Amino acid sequence: MSDFEADMIALSPNERVNAELRLLEFHTPKMKAVEVDMDVHGSVVTIEDRLRELCGEDEEDDD
């Protein structure tokens, strides 16, 4: 048995829980809130528009 385990057993249940919680702070990073401000500028392009563009066709060539 390691010194750490012996020390943990010697603690009262309340102190043991507090010690474990404090140790977890070093193991698991704390989550932070993240703000995202996104502005989308652009027109809606349909798949048909994109295919026409890739084929080199104009929108007027629908026939």
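This is a friendly dialogue about how to read the features of one predicted model.

Trainee: Where should I begin, and what secondary structure does the chain have?

Mentor: Begin with the broad outline. This predicted model has three helices and zero strands. Following the sequence, you meet them in the pattern α-α-α. Helix α1 covers residues 3-10 and α2 covers 13-27, while α3 covers residues 47-55.

Trainee: How do I read the overall form, and what is the radius of gyration of the chain?

Mentor: Set the value beside the one for a compact globule. For 63 residues such a globule would come near 11 Å, but this chain has 31 Å. The C-alpha trace tells you about its extent too: along the principal axes it spans about 85 × 25 × 15 Å.

Trainee: Which separations in space can I look at for a pair of residues?

Mentor: Try I9 and D58, which are 49 residues apart along the chain; their C-alpha atoms are separated by 78 Å. Another pair is L11 and E25, 14 residues apart in sequence, with 19 Å between their C-alpha atoms.

Trainee: Where do I9 and L11 sit?

Mentor: I9 belongs to helix α1, whereas L11 lies in the loop between α1 and α2. I9 has a relative accessible area of 54%, so it is exposed. L11 has 28%, so it counts as partly exposed.

Trainee: What share of the residues of the chain is buried?

Mentor: A residue counts as buried when its relative accessible area is under 20%. By that reading, 2% of the 63 residues are buried. The accessible surface of the chain comes to about 6600 Å², and carbon and sulfur atoms account for 54% of that.

Trainee: Which residues form a nonpolar patch on the surface?

Mentor: Look for V34, V36, M38 and V40; together they have about 500 Å² of accessible area. One of them, M38, is in the loop between α2 and α3. M38 has 63% relative accessibility and therefore counts as exposed.

Trainee: Now for the charges. How many salt bridges does a search of the whole structure find?

Mentor: For a salt bridge, check that a side-chain nitrogen of Lys or Arg is within 4 Å of a carboxyl oxygen of Asp or Glu. The search finds two. One joins R52 and D49, with the closest N and O atoms 3.3 Å apart. The other brings together the side chains of R50 and E53, at 2.9 Å from N to O.

Trainee: Where do R52 and D49 lie?

Mentor: Both are in helix α3, three residues apart, which is about one turn of the helix. R50 and E53 are also three residues apart in α3, so about one helical turn separates them.

Trainee: Are the residues in these bridges buried or exposed?

Mentor: Go through them one by one. R52, at 22%, is partly exposed, and D49, at 24%, is partly exposed too. R50 is partly exposed at 39%. E53 has 53% relative accessibility, so it counts as exposed.

Trainee: How many positive and negative charges does the chain have, and how far apart are their mean positions?

Mentor: There are 6 positive and 19 negative charges. To read their arrangement, take the mean position of each kind: here the two mean positions are 16 Å apart.

How values were computed. Residues are numbered from 1 along each chain as its sequence is written. This is a predicted model: local features need pLDDT of at least 70, side-chain atom pairs count only at pLDDT 80 or more; totals for chains, interfaces and linings use all residues. Side-chain values use heavy atoms; hydrogens and water are left out. Helices (H or I, at least four residues) and strands (E, at least two) are DSSP runs, numbered from the N terminus. Buried means under 20% relative accessible area, exposed over 50%, partly exposed in between (1.4 Å probe, protein chains only). The radius of gyration is taken over C-alpha atoms; the globule rule is 2.2 Å times the number of residues to the power 0.38. Accessible areas come from the Shrake-Rupley method with a 1.4 Å probe; for residues, only the protein chains shown count as cover. Lys and Arg count as positive and Asp and Glu as negative; His and the chain ends are not counted. The place of a charge is taken as NZ of Lys, CZ of Arg, CG of Asp or CD of Glu. Patches are made of residues with over 30% relative accessible area and no salt bridge: like charges are joined within 9 Å, nonpolar side chains (Val, Leu, Ile, Met, Phe, Trp, Tyr) within 5 Å.
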